[in-house]
Amino acid sequence: MATTAPGNLLMTTIDKAARWARTRSMFPASFGLACCAIEMMATGAAHYDLGRFGMEVFRASPRQSDLMVVAGRVSQKMAPVLRQVYDQMPDPKWVISMGACASTGGMFNNYALVQGVDQVVPVDIYVPGCPPGPQSLMHGILTLHDKIMKGEIAS
Amino acid sequence: MTDETGAVETEEAVEVAERPLPDNEVLRGLFEPFEDVGWEDSRGQDVARVPNERWLVFATAAKDAGFEMCVDVTAVDWMRQRPDRFEVVANLLSMQHRLRLRMITTAPRQEPTVASLVPVWPGVNFPEREAYDMFGVVFDGHPDLTRILMPDEWEGHPLRKDFGVGTVPVQFKESHKVS
Amino acid sequence: MSDDAKTLDVWVAGTEEPELAPTDEGAQEISIDESGRRLDEQFGRVVEDDYVFDDDTDEDERMILNMGPQHPSTHGVLRLQIELEGEIIRRTKPIIGYLHTGMEKTGEQLNFSQGGTNVTRMDYLAPLHNELAYSLAVERLLGIEVPPRAAAIRVLLTELNRCSSHLVALATNGMDIGAISMMIYGFREREQILAFFEKTTGLRMNHNFIRPGGVAADLPPGWKDDVAAVIEELPRRLGQYDDLLENNPIWVARTKGVGVISAEEAIAYGITGPALRSAGVDWDLRKAFPYSGIEQYEFEVPVGEHGDVYDRYRIRVEEIKQSLSIVEQVMDTIPKGDYRVDDRKVTPPPRARIDESMEALIHHFKLFTEGYKVPAGETYVAVESPRGELGCYLVSDGGARPYRMHTRAPSFSNLQALPIAMADSLMADTVATIASLDPVMGDVDR
């Protein structure tokens with residue numbers, strides 16, 4: 001609307017504040033499927049603590065969460081369920097595709113798996129590994145936080 | 001069939017010499033009454049080759065002989081290598097005698113059907129459904145023969161040899177450079 | 001009774017007493033309950049929720065509830081269709097297949113030495129057991145025996161894996177029933193064991209370390225200190241779990257008498273592992289059909305009595321202790337020697353020799369491009385995984401790849417116990433029952 005300098009400054013500051021708030025308490029929705037889910041749980045546990053980022057609560061209901069970490073292989077039967085859970089999440093929402101199977105189908109290039117979860121939902125961060133260790137997943141989550149803070153990823 | 005005494009004698013002698021039987025007491029007692037069931041030793045494990053129509057009868061006899069648990073039922077697709085395309089394999093376990101036994105039967109290419117073992121051991125319910133889902137072998141008498149691993153509307157039976165693996169060529173997608 | 005005049009069943013003072021016979025017209029029937037239960041409830045002698053235990057609900061009042069596949073308490077992607085009558089579960093139908101990965105088909109595309117990478121991802125909480133069952137099956141077909149050091153290393157790793165798997169089971173069991181700090185404790189202990197695995201095998205999970213012919217590499221120097229640290233630390237921490245769970249009357253009340261499976265049902269349904277032993281059946285494959293030299297170590301098999309959730313939890317805690325005792329014995333008695341069989345047709349030559357000898361180079365090339373050929377035949381080998389009997393049925397037609405590789409998954413069969421264990425129990429006990437059976441969906445769906 002108004003392009004005067006004070007107006008823009010205000011919007012930018014509010015925008016920055018909003019982005020800061022979003023990154024500082026991102027609630028993940030539990031979508032652990034296979035082996036990567038165990039590593040995700042280990043990331044939330046005491047040794048590699050996700051609680052220091054405000055993320056140790058894995059909300060059971062997608063309606064209360066911001067981030068969906070697709071941890072594990074997505075089979076043909078599970079793909080519609082994945083899409084439904086994604087649709088149930090309110091904006092702004094982000095998706096991290098954790099592991100090789102979620103990113104590209106991994107070592108299972110066959111009839112049973114969806115070759116990459118980005119065929120079903122839009123993905124923001126891909127974390128490679130089979131399974132990715134907690135440090136890798138943490139790096140992926142922090143990269144997502146950085147990108148949101150810088151404004152590269154809106155929602 | 002009554003023949004001359006001479007012919008019957010040679011038949012009997014040939015039969016006793018040809019039919020191998022297992023050493024173990026319990027197994028020998030199980031195999032003896034069944035003349036059309038062959039016993040094999042596969043790398044030290046006992047295998048019973050059962051004709052398709054005697055599948056349920058032999059299984060019931062095995063359970064009475066002490067094989068309380070059926071561990072697994074699965075199938076193998078031999079494609080053109082054997083006259084009957086499918087083999088159905090059941091692994092049995094006897095806890096009281098500490099024995100294992102494998103029962104193998106065959107099912108033809110067209111409309112492969114085998115009697116279901118659910119009346120004998122209820123625990124083969126899921127494994128038989130899986131064999132049906134993956135191979136298309138129909139288990140006669142199964143209470144709920146539906147797809148278990150693949151989606152309900154899936155067409156085809158994935159573990160058959162003529163069902164392709166479904167490899168998808170690697171797609172290189174455009175992605176933004178991560179700084 | 002009367003036709004035109006409605007008789008009031010109210011007595012107005014000054015009038016004659018009306019007939020106080022009960023009518024059927026819209027009046028509530030006062031029926032005398034023979035058992036006197038209703039009167040007892042009204043007088044407060046018995047406190048019962050008569051909505052729950054009301055016997056005259058009919059079929060219309062049943063509700064079908066769908067639990068999962070995305071659910072925090074179903075271990076992985078298990079979907080349950082539960083037919084509820086109030087709070088009581090009448091029927092359950094588990095629907096699986098949401099994690100089907102086509103691993104048996106993939107197993108036919110990979111050669112025998114690559115098969116371990118595939119099999120290890122089935123039961124992802126006990127990956128070394130999967131690899132062990134597969135390797136034993138391949139070795140049986142090949143007709144080779146691994147050297148004693150390799151067998152001892154296998155026992156060491158699989159028993160530690162049993163500990164780490166049971167720790168996850170206890171952690172999720174606790175968290176599902178409400179003792180949320182159990183999750184943190186279980187995973188904290190597990191990190192110690194996983195650190196040792198990372199040092200030895202290179203990976204925290206899905207190791208691909210136990211291969212046909214032996215193991216992939218020898219134990220690293222200093223492994224005894226790491227293992228000794230685990231053996232010392234873990235029993236003390238188990239005491240902490242006892243404080244949280246065993247001495248907690250809420251935990252005991254929520255797990256005793258819940259999810260009962262009797263021994264006959266368990267055997268008929270092909271259930272093995274802690275679920276079978278909790279029903280009182282003393283059956284453990286490590287004692288019945290020993291493998292990999294485990295008969296040289298002394299250990300006990302804990303057996304329960306009632307077949308309920310509490311017994312299964314108790315068995316898992318005891319099994320951790322017994323596994324640690326086996327690990328200690330292995331540590332003390334491990335023989336020196338080769339960590340894999342010396343047959344050059346199966347085992348790749350050491351890397352240094354490739355530069356020196358042409359033969360070594362050719363062997364290495366053939367083994368890693370084509371793979372070794374296994375003589376035709378079929379076999380079934382089973383090991384005792386933390387969930388039960390984990391078996392591998394392997395058919396070879398003489399080539400370099402399995403013709404058919406089928407895994408007998410313990411969780412697949414154990415799930416058939418779920419409708420029985422949950423029948424006529426309360427909805428809130430579902431979570432405890434599932435957690436106690438400890439299904440791993442990768443194992444179920446493969």
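Let me start with helix 5 of chain C, where helices are DSSP runs of H or I with at least four residues and strands are runs of E with at least two, numbered from the N terminus. This helix has 30 residues, which at 1.5 Å a residue should span 44 Å, and its end C-alpha atoms are 43 Å apart, so the two values agree; the expected span here is 1.5 Å times one less than the number of residues. Before going on, I should say that this is a predicted model, in which local features need pLDDT of at least 70 and side-chain atom pairs count only at pLDDT 80 or more, while totals for chains, interfaces and linings use all residues. Residues are numbered from 1 along each chain as its sequence is written, and chains are lettered from A and ligands numbered from 1 in the order in which they are written.

Staying with helix 5 of chain C, 28 of its 30 residues are buried, so the helix is largely enclosed by the rest of the structure. A residue is called buried if 20 or more other C-beta atoms lie within 10 Å of its own, exposed if 12 or fewer do, and partly exposed in between, with C-beta atoms placed from the backbone. Just after this helix, C:Gly178 takes a positive phi of about 130°.

Helix 5 of chain C, residues 148–177, packs with helix 4 of chain C, residues 127–142, at an angle of about 140°, and their axes are 8 Å apart. Axes are lines fitted to C-alpha atoms, for helices over the stretch in contact, and angles run from 0 to 180 degrees between N-to-C directions. That makes helix 4 of chain C oblique to helix 5 of chain C, given that angles under 35 degrees count as roughly parallel, over 145 as roughly antiparallel, 65 to 115 as roughly perpendicular and the rest as oblique. On the helix 4 side, C:Leu128, C:His129 and C:Leu132 meet C:Arg154, C:Leu157, C:Thr158 and C:Asn161 of helix 5 in chain C, where contact means that the C-beta atoms of two residues, placed from the backbone, lie within 7 Å.

Which helix gives the most to the largest nonpolar core? Such a core is a set of buried Ala, Val, Leu, Ile, Met, Phe, Trp, Tyr and Cys residues joined through C-beta atoms within 7 Å. The largest one has 199 residues, and those with the most contacts inside it include A:Ile96, B:Val137 and C:Ala133. It is helix 5 of chain C that gives the most to this core, with 16 residues.

Turning to A:Ile96, and leaving aside neighbours within four places in sequence, this residue is in contact with several others, among them A:Leu67, A:Val69, A:Ile125 and A:Leu144. Another residue to look at is C:Leu245, which is found in helix 7 of chain C, residues 223–246, and is buried, with 23 other C-beta atoms within 10 Å. C:Leu245 touches C:Gly174, C:Ala179, C:Met182 and C:Trp251, not counting residues up to four places away in sequence; C:Leu245 and C:Ala179 are 66 residues apart in sequence and 7.8 Å apart in space, C-alpha to C-alpha.

Now the chains as wholes: chain C comes to 18 helices and eight strands, and buried residues make up 49% of its 446 residues. Chain B has four helices and seven strands, and of its 179 residues 36% are buried.

As for how the chains meet, the contact between chains C and A takes 27 residues from chain C and 28 from chain A, and helix 6 of chain C gives the most to the chain C side, with five residues. Towards chain B, 30 residues of chain C are in contact with 26 residues of chain B.

Finally, some backbone details. In chain A, a cis peptide bond joins A:Asp91 and A:Pro92, with omega about -10°, and A:Pro92 lies in the loop between helix 3 and strand 3 of chain A. Another cis peptide bond joins A:Cys130 and A:Pro131, again with omega about -10°. In chain C, C:Asp438 has a phi near 55°, a positive value in a residue other than glycine, and with 26 C-beta neighbours inside 10 Å it counts as buried.
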